[in-house]
Number of protein chains: 2
Amino acid sequence: MDKPYVAGIDIGGQTSKLGIVDARGTVLAQTSIRTDTHKDVNLFISDLCEALEKLAEKTGGLSKVRGIGIGAPNGNYYTGTIENAVNLVWGGGFAIPFAKLMRDKLNIPVALTNDANAAAVGEMTYGAARGMKNFIMITLGTGVGSGIVINGDVVYGHDGFAGELGHTTAVRYNGRLCNCGRTGCLETYASAIGVARTAKEWLESSDEPSILRGISDSITSKDVYEAAAQGDKMAIRIFEFTGKKLGESFAEFVSFSAPQAIILFGGLSRAGDLILKPIVEHMNANLLHLWKNKIDVFFSQLKESDAAILGASALGWEIK
Amino acid sequence: MDKPYVAGIDIGGQTSKLGIVDARGTVLAQTSIRTDTHKDVNLFISDLCEALEKLAEKTGGLSKVRGIGIGAPNGNYYTGTIENAVNLVWGGGFAIPFAKLMRDKLNIPVALTNDANAAAVGEMTYGAARGMKNFIMITLGTGVGSGIVINGDVVYGHDGFAGELGHTTAVRYNGRLCNCGRTGCLETYASAIGVARTAKEWLESSDEPSILRGISDSITSKDVYEAAAQGDKMAIRIFEFTGKKLGESFAEFVSFSAPQAIILFGGLSRAGDLILKPIVEHMNANLLHLWKNKIDVFFSQLKESDAAILGASALGWEIK
């Protein structure tokens, strides 16, 4: 094969990871650059292209790369733009024609989407969803993202922004205020921040003893996980509660697209059965009869350190 | 064209409508037979095929028909079966290979799906959704059905049963008990039966004067509409309440597939602006900022008497 590799770039608020990937999903080389030290997107893209060229030298140069896939917050697949991405120093406000700017510099095809959609494509290309035509990818990170696959394609919708399942509100009643300005969004409960929020609320509203009481205001989902791993009852219940919110929401998602599986990815996945068991239990309790015990829920098997690059890179194979 | 027509069959609990349709969506001939007088599905299919053959004689015979499309409760597009359709006398329990039984009798290709999916295909083929790639059809009849179109195709999901939006429960808290055994389903509020249920509940729980008080226990959504048309305040509020439940749910649906439009169809559509205005208002109030005031909501423009046949018939063009 003349151009046997693709490049994957995962743009995060603090750092951006980039890697060169082969068709089997091996990350041949990877590096990262800071995202938050560039106030101007053109400067960031200059540095990014430079880093990518340097990285590609390790694998025979950029001429071996057939396409570049990018996962970015608020990335729009149709337009190749990053729009109103408040978590990126240079990303607020107007739509930045990110894919075009990179293509113009490197003369390689570039495709861009949001990180959760990239994860879904990665899972289809290299992961547990290989051969699956209908599934939903849920990313449980700082926020809750989603990539919906129907008939083997990611759903982008009319405008390119489909799949905002972290902002569905099956749990609306008396729900928590979300960054999006609405209340009761799944993300306010089931993200890393949501888990920490639950811990703070519960600690304040009861006298129940808990290892978590030893921790200051800066309690994180990792603290809750570590406490649960030590058998702390409140911490365990926090994951049960989080799993319940996810399970209830998943039942709604199934009514929409009747997927074969829902695949979980991201930091909270580390909680393992602590979160998976209540998810499955409450999903099944809320599903229409015809779907009960028929929808698989499992964690992505992609290596966490590679997954973001793999997901983005998978787009690189699909550019026509 | 050798075979210029398709046949459409809409199977309802009491009667089944059938018609011969040309490529412009003109129903050239139509008739109906009873559904509920046949205890055995084979007898029903015999009568149905006989009625169709007779009908087709008016338009040059069955040899002019290239395909037959069927809309049926719990119809599964993948398998061509009708499964556990409790509203059909002969439809409960096991999966009936309905499409195959008809094809074997008539030797014409047959495709089958549920009525709401058929309505969506009809709308794409002959109606307001011509050329639209991403929209959601909501049928407001005895129940609430949905047909979801993504990238120009109806979403059937992994098992053929996707699109049960009438059984989503964005309004779950303290929700009404649904026939499906769960609580808070949209259908318990936004169907014809749901509207009547709201009227009965409100009449019982207050002393507010209303034209509806003159009506017995058998109050219907039509009574509520007629009262609202006469300016009855409670009746008007009932449609506002119904529209609110729909609008809140629509905001959830948009987060999933980012459609260009949501199209309404079925009996409750007759309420016009009484229901449309609150739907649009509450959908926009609950949408993520990026979609506010960008999603069209309107009624199907297909003639109501033809629509069920047209929807089913549209499947007939698509059989490969």
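Reader: In this predicted model, is Phe253(A) buried or exposed, and what is its relative accessible area?

Author: A residue counts as buried when its relative accessible area is under 20%. Phe253(A) falls below that cut-off and is therefore buried in the predicted model, as is Phe250(A), for which the relative accessibility is 0%. For Phe253(A) itself, the relative accessible area is 3%.

Reader: Which helix holds both Phe250(A) and Phe253(A), and how are their rings arranged?

Author: The two residues are three positions apart, about one turn of the helix, and both belong to helix α7 (residues 233–257) of chain A. Their ring centres lie 5.9 Å from each other, with 40 degrees between the planes. Planes under 30 degrees apart would count as stacked and those over 60 as edge-to-face, so the pair formed by Phe250(A) and Phe253(A) is tilted.

Reader: Which residues make up the cluster of ring pairs that includes Phe250(A)?

Author: Phe250(A) and Phe253(A) form an aromatic pair, and ring pairs link these two residues with a residue of chain A and a residue of chain B. The cluster consists of Phe250(A), Phe253(A), Phe256(A) and Phe256(B).

Reader: Which strands does helix α7(A) touch where it packs on the sheet?

Author: The sheet in question is open, with five strands of chain A in the order β11-β10-β9-β12-β13 and mixed pairing. At its edges stand β11 and β13 (296–299) of chain A, each of which pairs on one side only. Within the sheet, strand β9 (residues 135–140) and strand β12 (residues 261–265) of chain A run parallel and share five bridges. Helix α7(A), whose direction makes about 150 degrees with that of β9(A), touches β9, β10 (144–150), β12 and β13 of chain A.

Reader: How many aromatic pairs does a search of the whole structure find, and why is the pair of Tyr77(A) and Tyr156(A) described as stacked?

Author: Over all chains, the search finds 19 aromatic pairs. The ring centres of Tyr77(A) and Tyr156(A) are 4.2 Å apart and their planes make an angle of 5 degrees, so this pair is stacked.

Reader: Where in chain A do Tyr77(A) and Tyr156(A) lie, and how many residues apart are they?

Author: Tyr77(A) belongs to the loop between β5 (75–76) and β6 (81–83), whereas Tyr156(A) belongs to the loop between β11 (153–154) and α4 (187–190). Tyr77(A) is partly exposed, at 32% relative accessible area, while Tyr156(A) counts as buried at 9%. The pair thus links distant parts of the chain, its two members being separated by 79 residues.

Reader: Which strands stand at the edges of the open sheet β3-β2-β1-β4-β7 of chain B?

Author: This open sheet has five strands and mixed pairing, and its neighbouring strands are turned by 15 degrees against each other on average, direction ignored. Strand β2 (residues 15–21) of chain B pairs with β3(B) in the antiparallel sense over seven bridges. An edge strand has a single partner, so one side of it is left without a neighbour in the sheet, and the strands in that position are β3 (27–34) and β7 (110–113) of chain B.

Reader: What rotation superposes chain A on chain B?

Author: The superposition has an RMSD of 0.0 Å, with 0.0 Å of shift along the rotation axis. The two copies are thus related as by a two-fold rotation axis, and 100% of the contact residues of chain A recur in chain B. The rotation that superposes chain A on chain B is 180 degrees.

Methods: Residues numbered from 1 in each chain as written. Chains lettered and ligands numbered in written order. Predicted model: local features only at pLDDT ≥ 70, side-chain atom pairs only at ≥ 80, totals over all residues. Heavy atoms only, no water. Least-squares fit on C-alpha atoms with pLDDT ≥ 70 in both. Contact = heavy atoms within 4.5 Å. Phe/Tyr/Trp six-rings, centres within 6.5 Å; stacked < 30°, edge-to-face > 60°. Helix = DSSP H or I, 4+ residues; strand = E, 2+ residues; numbered from the N terminus. Buried < 20%, exposed > 50% of the residue type's maximum accessible area, 1.4 Å probe, protein only. Pairing = 2+ DSSP bridges. Axes fitted to C-alpha atoms, helices over the stretch in contact; angles between N-to-C directions.
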